Amino acid sequence: DDGYVDNYTLAYPLLKANNQKATLFMVAKCINTQNYLTSKQLLEMDKNNFKVESHTNNHDDLSKLTYNEQVMTLKTSRIVLEKLLGKKVLYVAYPSGKYNNATSKAAHDVGFNLGISTDNGFTSVSDNYYTINRIYVNAFYSMAKFKYNLTHEMK
């Protein structure tokens, strides 16, 4: 999430070398700013199995915004990213995983097909497509802890 330049310098080469796929959720307003990815880097990554999707325009705390404010930041991010990438941007990860009752509607109304929270746990096809859970990964986890989190439901 966010679109820090280390996604390009560290993660992207490893994934590309191993023909693996990933998704990057980019804060649109941060493109071409210090410590964040450039337009050129994003285009290259998106063409090479490192899909670029939305993380709002300003890294907004959606849980504190009205429906109309959410529509504005979500719509702006889609416009910026779609113009840059020349493709539809269909997914959004909510900054810090925060959302409120209006977020699902706002994400749907703007044209996203999926909204991703940081609610910990597994997700099934019967769950709300706009409040998808994640399995949290911390850089300081041991391999045993990482494996455990991938195989055990967490709440």
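# Close-up views of a predicted model

**View 1. Aspartate 1, in the segment before α1.** Welcome to the start of the chain, shown here in a predicted model. Is aspartate 1 buried or exposed, or something in between? With a relative accessible area of 35%, aspartate 1 is partly exposed, because that value falls between the 20% limit for buried and the 50% limit for exposed. Now look for threonine 23: along the sequence, 22 residues separate it from aspartate 1, while in space the two C-alpha atoms are 8.7 Å apart. Which residues does aspartate 1 touch, once its neighbours within four places in sequence are set aside? Its contacts are Phe25, His55, Ala93 and Arg134.

**View 2. Helices α1 and α2, side by side.** Helix α1 covers residues 6-17 and helix α2 covers residues 39-47. Their axes lie 11 Å apart and meet at an angle of about 20°. Angles under 35 degrees count as roughly parallel, and α1 and α2 are therefore roughly parallel to each other. Their crossing is left-handed. Where do the two helices touch? On α1, look for Asn7, Tyr8, Tyr12 and Lys16; on α2, find Gln41, Glu44 and Met45. Sorted by class, the residues of this contact are 3 nonpolar, 2 polar and 2 charged.

**View 3. Helices α3 and α4, packed at an angle of about 40°.** The axes of α3 and α4 are 9 Å apart. Why are these helices called oblique? Their angle of about 40° is not under 35 degrees, nor does it reach the 65 to 115 range for roughly perpendicular, and that makes α3 oblique to α4. The crossing of α3 and α4 is right-handed. From α3, the residues that take part are Tyr67, Gln70, Val71, Leu74, Lys75 and Arg78. They meet Thr103, Lys105, Ala106, Ala107, Asp109 and Val110 of α4. In this contact, 6 residues are nonpolar, 2 are polar and 4 are charged.

**View 4. Met26 and Phe112 in the largest nonpolar core.** This core holds 26 residues, and Met26 and Phe112 are the ones that touch the most other members. Which elements supply at least two residues each? They are α1, β1 (22-26), α2, β2 (50-54), α3 (67-85) and α4 (103-110). The largest share comes from α3, with 4 residues. Take a moment to explore around methionine 26, leaving aside its neighbours within four places in sequence. Methionine 26 is in contact with Asp2, Gly3, Ile31, Tyr36, Leu37 and Leu42, and also with Val52, Glu53, Ser54, His55, Thr56 and Leu81.

**View 5. Threonine 56 and histidine 59, each with a positive phi.** Here is a handy point for reading backbones: most residues other than glycine have a negative phi. Threonine 56 has a phi near 75°, and histidine 59 has a phi near 60°. Where should you look for them? Threonine 56 lies in the loop between β2 and α3, and histidine 59 is found in the loop between β2 and α3 as well. Now for their surroundings: is each residue buried or partly exposed? Threonine 56 counts as buried, at 0% relative accessibility, whereas histidine 59 counts as partly exposed, at 31%. Threonine 56 also links this view to the previous one, being among the contacts of methionine 26.

Notes:
Residues are numbered from 1 along each chain as its sequence is written. This is a predicted model: local features need pLDDT of at least 70, side-chain atom pairs count only at pLDDT 80 or more; totals for chains, interfaces and linings use all residues. Side-chain values use heavy atoms; hydrogens and water are left out. Axes are lines fitted to C-alpha atoms, for helices over the stretch in contact, and angles run from 0 to 180 degrees between N-to-C directions. Angles under 35 degrees count as roughly parallel, over 145 as roughly antiparallel, 65 to 115 as roughly perpendicular and the rest as oblique. A crossing is left-handed if the near helix is turned anticlockwise from the far one by less than a right angle, and right-handed if clockwise. Contact means heavy atoms within 4.5 Å. Ala, Val, Leu, Ile, Met, Phe, Trp, Tyr, Cys and Pro count as nonpolar, Asp, Glu, Lys and Arg as charged, and the others, Gly among them, as polar. A nonpolar core is a set of buried Ala, Val, Leu, Ile, Met, Phe, Trp, Tyr and Cys residues joined through side-chain atoms within 4.5 Å. Buried means under 20% relative accessible area, exposed over 50%, partly exposed in between (1.4 Å probe, protein chains only).
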